[in-house]
Amino acid sequence: MILPLASTELLPKIIMGVDPGTQIMGYAVIEVRGQHVTVLRYDVIDMKKLGTNHALKLKRIYERMTELIEEFLPDELAIEAPFFGVNVQSMLKLGRAQGVAIAACLSRQIPYVEYAPTKVKQSVTGSGNATKEQVAHMLRQTLKLPPIEEAPKFLDATDALAVALCHHYQKGNNVKAGGKSWGKFLADNPGKLAAPVAGKKAVANRKKPAA
């Protein structure tokens, strides 16, 4: 059954956040019901063992992103834009990593939004100059996360969680990558409404304890 557009506001929304990287890529998945946010998972894709083979790293990103998409069936992707300031070669590699993550979502008809790093920090902490540690601290308070050692791996994961939360705060009303909003996507593709409903049921069923 295809639901009216207004009815979709009552459904849970699954948002995937990604903090691109060529050594470690952070990712997070949250479920939003109205203003209530539930963290489903936040972790990293660790590619350090792949050495300097950039092609293998891109392949790993695409494969892991595809696995996460199939597991959580996200409705939207929020991804952090590369930070301008590193050297050109690093920027090129980081841009490719970001592009592969986006391509994995687009291959499943999942719309995406890109956020500047300062926008993410501003949304979560109130300061566009906040450190990774400050972002993690604010997320622990806001989302009531259990205390975890602030290792580099953890901070990449919390950065991704911040991107997802930033997208929730913005409600998709910022400048959209590609000029398309989620609302416009649904209006142009009404048949896509049925699929996310089934996806959310699948996520809900996974949460139910075994009988």
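Q: What is the relative accessibility of Q109?
A: The model is predicted: local features need pLDDT of at least 70, side-chain atom pairs count only at pLDDT 80 or more, and totals for chains, interfaces and linings use all residues. Residues are numbered from 1 along each chain as its sequence is written, and side-chain values use heavy atoms, without hydrogens and water. Q109 is found in the loop between α2 and β5, where helices (H or I, at least four residues) and strands (E, at least two) are DSSP runs numbered from the N terminus. Q109 counts as partly exposed, a class between buried (under 20% relative accessible area) and exposed (over 50%), with a 1.4 Å probe and protein chains only, because its relative accessibility is 40%.

Q: What is the phi of Q109?
A: Q109 is a residue other than glycine. Its phi is nevertheless positive, with a value near 65°.

Q: Where is L73, which has a positive phi of about 50°?
A: L73 is not a glycine, although its phi is positive. Its relative accessible area is 32%, and therefore L73 is partly exposed. L73 is found in the loop between α1 and β4 (76-80).

Q: How many helices and strands does the protein have?
A: From the N terminus on, the elements run β-β-β-α-β-α-β-α-α-α-α-α. The secondary structure thus comes to seven helices and five strands.

Q: Which element gives the most residues to the largest nonpolar core?
A: A nonpolar core is a set of buried Ala, Val, Leu, Ile, Met, Phe, Trp, Tyr and Cys residues joined through side-chain atoms within 4.5 Å. The largest core has 29 residues, and those with the most contacts inside it are I30, Y42, Y115, L139, L143 and L161. The elements that give two or more residues to this core are β2 (24-33), β3 (36-46), β5 (112-115), α3, α4 and α5. With ten residues, the element that gives the most to this core is α5.

Q: Which residues are in contact with L143, leaving aside its neighbours within four places in sequence?
A: Contact means heavy atoms within 4.5 Å. L143 is among the residues with the most contacts inside the largest nonpolar core. Beyond its sequence neighbours, L143 is in contact with V37, V39, L161 and L165.

Q: Why do the buried residues of α3 lie on the same side of the helix?
A: The buried residues of α3 are P117, V120, S123 and V124. An α-helix has 3.6 residues a turn, so residues three or four places apart point the same way. The arc is that of the directions from the helix axis to the C-beta atoms. The buried residues are on the same side of α3 because they cover an arc of only 135°.

Q: Which residues lie nearest the centre of the second largest pocket?
A: On a 1 Å grid over the protein atoms alone, a pocket is an open set of points where a 1.4 Å probe fits, with protein on both sides within 12 Å along at least five of seven lines; lining residues have an atom within 4 Å of a point. The second largest pocket is lined by 24 residues. The elements that give two or more residues to this lining are α2 (88-106), α3 (117-125), α4 (132-143) and α5 (152-170). Nearest the centre of the pocket lie D19, P20, E80, K132 and D156.
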